[in-house]
Amino acid sequence: MQTSLYPWQEAQWQQFLQRMQADTLAHAILLTGVRGIGKLHFAQALVASNFCLQLDPAGFACKQCKNCHLFAADTYPDFIFLQPSEESNTIAVDEIRGLIGKLALTRHFDRKKIALIQHADRMNANAANALLKTLEEPPAETILILMTDKPQALPATIRSRCQQTSLNLPDETEALAWLQSQNGTTRWESLLKLAQGAPLAALDLLQSDLVEQRHLVVASSLKLFEGQATVALLSSELESIPVPQILAWLQCVVADLMRIKAMDNPPSLENPDFYRHLLALAPRMTVSSLQQLWEFLLQRSRIFDASLNRRLFIEDVLIQCRTCNKSAH
């Protein structure tokens, strides 16, 4: 587990540190912010500092005491970490019930018991409902930390019961300086722009084949919107790309089209390298059809399960995209 911070997180860390010192941390915290700014890193540092027996002067965990060693080894008994399963990409009700049961047990140490839920937006409806009562009436000396890139995908009843903090993007100068310190031979400006200013997302783009995969998904979706490719052909081309990633990139394309329809020269786009294609395509779309497609993609991202027929699932998504263009029929 991480216990330090990225440079752009220092200011918001001080706010949490003051709450920790005053013992005024909320019993339920919702950490939000775009993917690639280090939300998990920040949350782990916060958890570690709550457990540590001898914080350093900056309020960080010492990494030397018994509690820090247990936390670093992922064996601290009063910490529960929950994330979507790889098989279903969701958090099921039984997993939430298990978490609630662990929170209700007597603490091993005199520090607060903490549960951290990563990608909380992927709780299914039953899981979210099961968590509500615990958010309303939490066990004594417990803290629940929920994390998400998509707070609007969480039920309003969950959001309203949490103290919400949105972690900020660094400014471009700070982000580029950090990226340069990670790899001084890379020209980071274009990657950072593709990552919408999120340094860790830019680093992921460099260190994986995500750049090529993203380009394929975006280019394929534009061909589909324009009526220049068939669903069968594109589903075959996209077969090797993880479905959650396809859905996320399709949502980015739809978001860009809505931005372009809403204003001239939008200040930021998810896919700036495809701006000319998007600009030419946007007039052929209606706002209502784009909104419907956005809701469809969001709903599909929630229900995707690895046990489903992958090819049919992708084809269903692509067919819906194909019907969005009012002039391509």
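This passage describes helix packing, nonpolar cores and selected residues in a predicted model. Residues are numbered from 1 along each chain as its sequence is written, and side-chain values use heavy atoms, with hydrogens and water left out. Local features need pLDDT of at least 70 and side-chain atom pairs count only at pLDDT 80 or more, while totals for chains, interfaces and linings use all residues.

Helices are DSSP runs (H or I, at least four residues), numbered from the N terminus. Two packed helices are described by the angle between their axes and the distance between the axes. Axes are lines fitted to C-alpha atoms, for helices over the stretch in contact, and angles run from 0 to 180 degrees between N-to-C directions.

Helix H4 (residues 93–104) and helix H5 (residues 125–136) have axes that come within 8 Å. These axes cross at roughly 20°. H4 and H5 are therefore roughly parallel (angles under 35 degrees) to each other. Their crossing is right-handed, a term for a near helix turned clockwise from the far one by less than a right angle. H4 contributes Val-93, Ile-96, Ile-100 and Leu-103 to the contact (heavy atoms within 4.5 Å). H5 contributes Asn-126, Ala-127, Ala-130, Leu-131 and Thr-134. Seven of the residues in the contact of H4 with H5 are nonpolar, two are polar and none is charged. Here Ala, Val, Leu, Ile, Met, Phe, Trp, Tyr, Cys and Pro count as nonpolar, Asp, Glu, Lys and Arg as charged, and the others, Gly among them, as polar.

Helix H14 (residues 287–303) packs against H15 at about 170°, with the axes 10 Å apart. H14 and H15 are therefore roughly antiparallel (angles over 145 degrees) to each other. Leu-293, Phe-296, Leu-297, Arg-300 and Ile-303 of H14 meet Phe-313, Asp-316, Val-317, Gln-320 and Cys-321 of H15. This contact of H14 with H15 holds seven nonpolar, one polar and two charged residues.

Ile-314 also belongs to helix H15 (residues 310–322). Ile-314 is buried (under 20% relative accessible area, 1.4 Å probe, protein chains only), at 4%. Residues up to four places away in sequence aside, Ile-314 touches Ser-235, Leu-238, Val-243 and Ile-246. The C-alpha atoms of Ile-314 and Pro-138 are separated by 40 Å.

The largest nonpolar core has 85 residues. Such a core is a set of buried Ala, Val, Leu, Ile, Met, Phe, Trp, Tyr and Cys residues joined through side-chain atoms within 4.5 Å. Trp-13, Ile-29, Leu-31, Ile-145, Phe-225 and Leu-257 have the most contacts inside this core. Helix H12 (residues 243–262) supplies its largest share, nine residues. Beyond its neighbours within four places in sequence, Ile-29 is in contact with Phe-16, Leu-46, Ile-143, Leu-144, Ile-145, Leu-146, Cys-162 and Gln-163. A second, separate core has 23 residues, including Ile-80, Ala-120, Leu-146 and Leu-154.

In helix H9 (residues 199–207), Pro-199, Leu-200, Ala-201, Ala-202, Leu-203 and Leu-205 are buried. Their cover includes helix H7 (172–182), helix H8 (188–194) and helix H10 (210–225).

Two loop residues other than glycine have positive phi values. Gln-196 has a phi of about 55° and lies in the loop between H8 and H9. Gln-196 is partly exposed (between 20% and 50%), at 23% relative accessibility. Asn-265 has a phi near 50° and sits in the loop between H12 and helix H13 (275–281). Asn-265 is exposed (over 50%), at 62% relative accessibility.

Note on methods:
Helices (H or I, at least four residues) and strands (E, at least two) are DSSP runs, numbered from the N terminus. Angles under 35 degrees count as roughly parallel, over 145 as roughly antiparallel, 65 to 115 as roughly perpendicular and the rest as oblique.
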